[in-house]
Amino acid sequence: MKPKIIRLPEVVINQIAAGEVVENPASIVKELIENSLDAEAQAICVEIVGGGQQLIRIEDDGCGMSPEDALLCLERHATSKIRSVDDLQSLATLGFRGEALAAICSVSHFELKTSDGTATRVLVEGGVIKTVEPCARNRGTTIEVRSLFYNVPARRKFQKSPSANTAQVTRIVETVALAHPEVAFSLIVNGKKTVDLKPSASRIEEVLGKFEHEVKGEGILGYVAAPHKAMSTRTGQILFVNKRPLFSPLISKAVKTGFGTRIAEHAYPPFILFLEVCPESIDVNVHPQKKEARFKDEKILFQKVQEAVERAFSPSFIFTEPLSFDPPPAFSFLEEGPSVSQPVVEEKEFDLVFAERPLFVLKNYLFVQKEHLILVDLAAAHARLLFESLNKEKGLSQALMWPLEIPWEKGDEERVASLNEMGIECRLLNRTLLIDALPALLDPIHFSHFLDSWKIKRRLDWAAGDYCRRLRKEYSIEEAFQLWRRVQTCRDFLYDPLGHRIWAPIQLEDLESILVSK
Ligand code: ADP
Ligand code: MG
């Protein structure tokens, strides 16, 4: 017999919907914190036991609810935040669907205590209201969620371990707190306070530590980490749009593009970015948990973010005078045979043109005097220049007096074309790889090392970095200063292609701290 259609009872509808809105303790904590923030709380205290499956308790000092609203808020699609679809266009609150409380109370033992002056206590079990009574409470709201998913075994089974849930809840609390430094947040896990954030202007540093580069732009504020801190996943990437935490591959890609060649291909730079866009240009009603959004002008936004990140890497203070010097003579690192490197321009001229002078070379480092003392990692500078020249300045190779002969290895046939593309002019002859010309920055004596590095990953960024580091070259002061001057003409001259910092100013405090720590 064909089953007859029936209308599902409201409680069942809520339980089904709950699966979408709240799938684990962390998503519940997120919804409840967002409610407290929408209620303009100044202090929010979250407590969990057993990863949240036993208990989630959240207490705020927000506006609270009247006895009437304390009941209404538990109904599905009951919200104080929008009145019509049009309001979604100018949304100023984090919530808007009126679904979270209905969902949460349908899958737990739920207690609400709230007061807008008059305090009410409501007890709900599996979506069924059991008790409504007056109680004592200052203005604000406390919600307790116990025995989560006790009546939805399918979902209960798929919960993570308490420790994994605790980690997720902690991350949510800390993440949301980043966008609301004026609000106090605390988290108590199994009776122990694990997060205690007072209102503070330096919350980002307190929670995430120091970032190396500040990002500023129209409607964009935040930080990106130094390239060498890049990770293999997106976990270090935090985005807020109008203070709402969001996941956005688009913005992630824009940041990555802004990093340019400072970072390897499959690396994700940690960042925290706050975007402010007008509410009409973003649709947050696309994901049940409001984790994603749709932007109207994706291209413009992408470009804005990319450019802001690019600017974050351009050091503004150090080059007060324009870098208008003639291109330095081609130089090579030939250690034997005729050197094409010219003696460096006289020192007087540096003062005039650069107002910077090389002081000395210590191992791999050059010290330059400018407004600050500057420390230059020569291997990193070398790697950046080498990478740029192999990547872009093809054709500037210098013919070798005698071809270099390198014994043939399997796969060389395919390599010849790529090598030639980089300006490494070569051919195969009788099972020998003959190198006829090399770019100026590759020295014939050590060329085989470069080839080895390149063969390992067939990635130019990696090969350039690896080769220069392993070279352990002793740079003369002239060579070192040339290198420093040339690297300043590169667009990305703060980092080498593997994300190692090329140079840094040494500040007075740095020197003092050396003395203090000794
Ligand atoms: P939404 O946030 O989408 O409106 P919720 O189900 O999360 O939906 O909450 C329903 C309503 O309950 C909110 O619109 C708000 O009016 C009220 N509410 C929920 N939590 C709080 C709170 N902590 N303080 C004051 N009011 C609250
Ligand atoms: Mg809500």
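## Helix H13 and its surroundings

A residue is called buried when its relative accessible area is under 20%. In this predicted model, helix H13 spans residues 447-457, and its buried residues are Phe-447, Phe-450, Leu-451, Ser-453, Trp-454 and Lys-455. The elements that cover them include three helices, H11 (378-391), H12 (412-421) and H14 (460-471), along with strands S19 (397-407) and S21 (432-439). Just after H13, Arg-458 has a positive phi of about 50 degrees.

## Packing of H12 against H13

Two packed helices are described by the angle between their axes and the distance between the axes. For H12 and H13, the axes come within 13 Å and cross at roughly 110 degrees. Angles of 65 to 115 degrees count as roughly perpendicular, and H12 and H13 are therefore roughly perpendicular to each other.

On the H12 side, the contact is made by Asp-412, Arg-415, Ser-418 and Leu-419; on the H13 side, by Leu-451, Trp-454 and Lys-455. Sorted by class, this contact of H12 with H13 has three nonpolar, one polar and three charged residues. Leu-451, Trp-454 and Lys-455 are also among the buried residues of H13.

## Nonpolar cores

The largest nonpolar core has 76 residues, and Val-376 and Phe-450 have the most contacts inside it. Helix H11 supplies the largest share of this core, eight residues. Phe-450 belongs to H13, where it is one of the buried residues.

Leaving aside residues up to four places away in sequence, Val-376 touches Asn-364, Tyr-365, Leu-366, Val-368, Ala-381, Trp-484, Ile-502 and Trp-503. Apart from the largest core lies another, of 53 residues, including Ala-18, Cys-73, Val-107 and Val-122.

## The eight-strand sheet

Eight strands form an open sheet with mixed pairing, in the order S5-S4-S3-S6-S2-S1-S7-S8. Strands S5 (128-134) and S8 (192-197) are at the edges; each has a single partner strand, so one side of each is left without a neighbour in the sheet. From one strand to the next, the twist averages 10 degrees.

Within this sheet, strand S6 (residues 140-146) is mostly covered, with six of its seven residues buried. Strand S2 (residues 55-60) runs antiparallel to S6 and is joined to it by six bridges; Ile-58 has Ile-143 in S6 as its bridge partner. Strand S3 (residues 109-115) is also antiparallel to S6, with seven bridges between them, and here Lys-113 stands opposite Thr-142 in S6. Towards the S5 edge, strand S4 (residues 119-125) and S5 run antiparallel and share six bridges. Thr-120 has Pro-134 in S5 as its bridge partner.

Helix H2 (residues 25-38) lies across S1 (43-49), S2, S6 and S7 (184-189), and runs at about 10 degrees to S2.

## The five-strand sheet

A further open sheet has five strands in the order S9-S10-S13-S11-S12, again with mixed pairing. Its edges are S9 (213-217) and S12 (244-246), each with a single partner strand, so one side of each has no neighbour in the sheet. The twist from one strand to the next averages 15 degrees.

Strands S10 (residues 220-224) and S13 (residues 271-275) run antiparallel and are joined by five bridges. The bridge partner of Val-224 in S13 is Phe-271. Helix H6 (residues 162-178) lies across S11 (237-241), S12 and S13, running at about 50 degrees to S11.

Methods
Residues numbered from 1 in each chain as written. Chains lettered and ligands numbered in written order. Predicted model: local features only at pLDDT ≥ 70, side-chain atom pairs only at ≥ 80, totals over all residues. Heavy atoms only, no water. Buried < 20%, exposed > 50% of the residue type's maximum accessible area, 1.4 Å probe, protein only. Helix = DSSP H or I, 4+ residues; strand = E, 2+ residues; numbered from the N terminus. Contact = heavy atoms within 4.5 Å. Pairing = 2+ DSSP bridges. Axes fitted to C-alpha atoms, helices over the stretch in contact; angles between N-to-C directions. Parallel < 35°, antiparallel > 145°, perpendicular 65-115°, else oblique. Nonpolar A, V, L, I, M, F, W, Y, C, P; charged D, E, K, R; others polar. Core = buried A, V, L, I, M, F, W, Y, C linked by side-chain atoms within 4.5 Å.
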